[in-house]
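Got your viewer open? Let's take a walk through this chain, one selection at a time.

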Amino acid sequence: FSSSKDLSSTSAFLWFSGGKVRAFSGLGGAVWRTPPSVDEDFAVPVADFGRVMSLAGVYPTAELRVTGSGLVVRAGSFRAQLPTWPGSVEAPREWIEREAPEGGVELAEDFWRALALVRPAASVDPGRPSLCGVYWCADGVLIAADNLRGSRHAGVGVKDPTGGGILVPSHLLSSLGQGLGFTRASANSSEIWLSTEAGSVCGRLFEVKYPRATLAGVFDSSRAAAEAGDLVAVEAPAALAAALDRVLLFASDKPPHRVEVTVGEGVVRFEVPEQEGNGRGAGEEVEARTSGNVRFSVDGRYFREALDVSTTFYCSPRGPAYFRSPDGALEHVLTLLT
């Protein structure tokens, strides 16, 4: 959560104070408890500190001591000295005293499992900040989308910490791994904070409006069309995903990874035709239960991910393709290629 773009800026330092260490990059930050033995206050360049502690890590213990010249690190026969935040410059109190807001909502592992199901659909395009993250609705529903796909999970009954909906930014989610262990979420006007007993991390919120109503309309209309029988229904075995995996080996290396899908009487066929004379192509068909005939083009890798939601899907030539998990909690839509 630090930044090394400007080595003289506050974001390039780790701030040790009051039994905690803090780092902030401008996009996000962290406040973490330190061992009781680290009882001095100091700020040290994060890049230098990481390098020195890595070298000192070959010894069982290391001693950190602040002197008039900087921070001295001793471990066995190893000794290093690092510069600290200059005493002639006032320390930024707003950095070294930052804490997660009080209150918030409690999170359990089932929340993180639900979020992990929709998170792959979140946009990572910085040119579309309104989609860069998972939208946590006021009623607990989780939504993520980019320009080709979207996922919606009914949630696990946990309302967002603001009470009005909040976009958990992709830049924060990418730093969390699976998020397991973070048991509380809180927020203020500019940041969302996730906390554990050991510390907290935060991410800056985008000042954009998430298109929840538009996306909800896509999900709702797709579900209604599927339930009304207006779309071709395809119920296929697990062999469908395995067949698509083989065909995708011949798809373009660059997106979109176009695959032609043909749904016929009792069969689904995937095909990657030869492109621009490159001599590479493949096709395979799998038996399936179908309610009609349809043909469309799709990004095969996104379609493959959607099959992990459900091997039963609904489609029409106009799209989008609609997937719903067996328990109905997770929905996925996939835009077709023209």
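Start with the contacts across the whole chain. Among contacts with a separation of 6 or more, 60% join residues that sit 24 or more positions apart. Keep in mind that you're looking at a predicted model.

Now colour by secondary structure. You should find 7 helices and 24 strands. Next, turn the whole thing around: along the principal axes, the C-alpha atoms fill a box of roughly 80 × 50 × 35 Å. The radius of gyration is 25 Å, while a compact globule of 338 residues would have one near 20 Å.

Switch on the surface. About 16,800 Å² is exposed, and carbon and sulfur atoms supply 50% of that. As for what's tucked away, 47% of the 338 residues count as buried. If you colour the charges, you'll have 32 positive and 40 negative ones to look at, and their mean positions are 2 Å apart.

**Stop 1: before strand 1**

Select Thr10, in the segment before strand 1. Which residues does Thr10 touch, leaving aside its neighbours within four places in sequence? Show Trp15, Trp85, Pro92 and Trp95, and you have its contacts. Pick out Trp95 from that group: 85 residues separate Thr10 and Trp95 along the chain, yet their C-alpha atoms are 8.3 Å apart.

**Stop 2: helix 1**

Select residues 46-56, which make up helix 1. Show the side chains of Val46, Phe49, Val52 and Ala56, which are buried. Why do these buried residues end up on the same side of helix 1? Look down the axis: they cover an arc of only 135 degrees around it, so they share a side. Then swing round to the other side of helix 1, where Arg51 and Ser54 are exposed.

What lies over the buried residues? Add strand 1 (13-17), strand 4 (42-45), strand 5 (63-67), strand 6 (70-75) and strand 7 (78-82), which are all part of the cover of helix 1.

**Stop 3: helix 3**

Move on to residues 109-118, helix 3. Here the buried residues are Phe111, Trp112, Ala114, Leu115 and Val118. Look down the axis again: the buried residues of helix 3 fall within an arc of 160 degrees, so they line one face of the helix.

To see what covers them, bring in strand 9 (133-136), strand 10 (142-145) and strand 11 (149-153), which are among the covering elements. The cover of helix 3 also includes helix 4 (170-173), strand 14 (191-195) and strand 24 (330-334), so select those last.

Key: Residues are numbered from 1 along each chain as its sequence is written. This is a predicted model: local features need pLDDT of at least 70, side-chain atom pairs count only at pLDDT 80 or more; totals for chains, interfaces and linings use all residues. Side-chain values use heavy atoms; hydrogens and water are left out. Helices (H or I, at least four residues) and strands (E, at least two) are DSSP runs, numbered from the N terminus. The radius of gyration is taken over C-alpha atoms; the globule rule is 2.2 Å times the number of residues to the power 0.38. Buried means under 20% relative accessible area, exposed over 50%, partly exposed in between (1.4 Å probe, protein chains only). Contact means heavy atoms within 4.5 Å. Accessible areas come from the Shrake-Rupley method with a 1.4 Å probe; for residues, only the protein chains shown count as cover. Lys and Arg count as positive and Asp and Glu as negative; His and the chain ends are not counted. The place of a charge is taken as NZ of Lys, CZ of Arg, CG of Asp or CD of Glu. The arc is that of the directions from the helix axis to the C-beta atoms.
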